[in-house]
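Me: Walk me through the interface in this model, please. Keep it brisk.

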2 protein chains.
Amino acid sequence: MANEMLDDAVRSLRESGVRMTPQRHAILEYLTTGHTHPTADEIYRALEHRFPNMSVATVYNNLRVFREKGIVEEMNYGDASSRFDFVTTRHYHMICEGCGKIVDFNYPVLDDVETVAAHLTGFKVDRHRLEVYGTCPDCQSKVQ
Amino acid sequence: MANEMLDDAVRSLRESGVRMTPQRHAILEYLTTGHTHPTADEIYRALEHRFPNMSVATVYNNLRVFREKGIVEEMNYGDASSRFDFVTTRHYHMICEGCGKIVDFNYPVLDDVETVAAHLTGFKVDRHRLEVYGTCPDCQSKVQ
DNA sequence: TTATTAGATTGTAATCTTTATAATTAGTCT
DNA sequence: AGACTAATTATAAAGATTACAATCTAATAA
């Protein structure tokens with residue numbers, strides 16, 4: 001079972017002159033294998049047994065590179081640390097205010113907002129970000 | 001020229017049992033007089049000449065109170081510190097990726113997104129947040 | 001295959017933002 | 001005015017992220 005997302009990312013990075021190191025590859029692998037929305041520290045702790053000498057700075061450096069190349073999206077929500085999401089298909093985020101859980105959901109891309117916003121502000125629009133906040137089913141049942 | 005927004009905020013806070021101190025009043029005043037989207041530190045520095053003994057903690061404490069009461073909105077965007085926005089009418093934010101400038105723009109509230117998201121995820125929806133990123137006119141002319 | 005070189009990693013310290021804590025001060029209510 | 005309780009202050013601490021210099025290594029080509 002090949003990991004196409006991983007392969008694509010590696011290829012795309014190589015093509016733009018980014019070297020592939022074992023640590024870098026492992027971070028990409030982690031992001032593309034079901035681990036959604038981790039923090040930098042979560043990635044670091046998940047990989048430190050494979051790379052006992054890896055520095056936290058390496059995780060941050062790579063996440064910055066990936067962000068700059070459009071491979072991952074960085075999210076700051078609330079007061080916690082940043083979370084990083086491998087960019088695949090366009091989706092938005094539903095965030096639980098109780099436990100911080102993040103769930104993806106699909107919705108038609110809001111192109112009209114970008115058009116209107118560009119017209120009103122004079123900005124050259126690049127992208128937008130939408131997050132919906134609420135209470136997840138687990139936290140709903142806990143409160144009752 | 002009275003500041004209605006300020007008066008409303010003070011009244012609403014008083015009614016919910018929040019005491020009005022000179023520092024607290026000054027922070028509200030700052031937020032309602034044309035200073036949009038400041039950081040906690042910007043507020044602190046703007047007021048320290050009037051309140052030489054004021055602590056940074058006071059600014060943070062008050063911003064938390066205001067946020068809990070729905071008087072201000074806290075925004076974390078990018079890697080910088082939180083910015084705080086006095087809540088008036090519903091609006092969204094356009095953010096410049098070049099210089100960090102934030103401009104408000106109005107757009108019909110995206111109720112439908114909340115409904116769909118609630119249906120897809122099972123969350124109980126509370127609110128949403130939308131930000132558009134791009135390049136402001138100033139930065140556009142600089143780049144050329 | 002080896003040498004080269006620019007980029008990547010490491011380890012650590014430093015920075016920056018935000019929160020915690022305890023003591024003091026000061027609004028608000030009666 | 002007095003009492004009660006919240007707010008402020010000052011400081012320390014925590015936590016996340018970045019800076020930096022030294023070392024290492026992936027990619028390239030001889």
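The turns below cover the contact between the chains of this predicted model.

Me: How many residues does each chain bring to the contact, and about how much area is buried between chain B and chain A?
Reply: Chain A puts 39 residues into the contact, and chain B puts in 39 residues. Carbon and sulfur atoms give 61% of the buried area. That area is about 3,400 Å².

Me: Which residues of chain B lose the most area to chain A?
Reply: Three residues stand out, together making up 20% of what the chain B side buries. They are B:F123, B:R129 and B:Y133.

Me: What is the salt-bridge partner of A:R127 in chain B?
Reply: Between chain B and chain A the count is 3 salt bridges. In the one formed by A:R127, the closest N and O atoms are 2.9 Å apart, which meets the 4 Å cut-off. The partner is B:E97.

Me: Which element gives the most to the side of chain B that touches chain A?
Reply: β3 (92–96), β4 (102–105), α5 (111–121), β5 (124–135) and α6 (137–143) of chain B each supply at least two residues. The top contributor gives 12 residues. That element is β5(B).

Me: How do the residues on that side of chain B divide by type?
Reply: The groups are nonpolar, polar and charged. The division is 19 nonpolar, 9 polar and 11 charged.

Me: Which residue in β5(B) is the bridge partner of A:E131?
Reply: Strand β5 (residues 124–135) of chain A runs antiparallel to β5(B), and 11 bridges join them. A:E131 has its bridge partner in β5(B). That partner is B:R129.

Key: Residues numbered from 1 in each chain as written. Chains lettered and ligands numbered in written order. Predicted model: local features only at pLDDT ≥ 70, side-chain atom pairs only at ≥ 80, totals over all residues. Heavy atoms only, no water. Contact = heavy atoms within 4.5 Å. Buried area = accessible area lost by both parts, 1.4 Å probe. Salt bridge = Lys/Arg side-chain N within 4 Å of Asp/Glu carboxyl O. Helix = DSSP H or I, 4+ residues; strand = E, 2+ residues; numbered from the N terminus. Nonpolar A, V, L, I, M, F, W, Y, C, P; charged D, E, K, R; others polar. Pairing = 2+ DSSP bridges.
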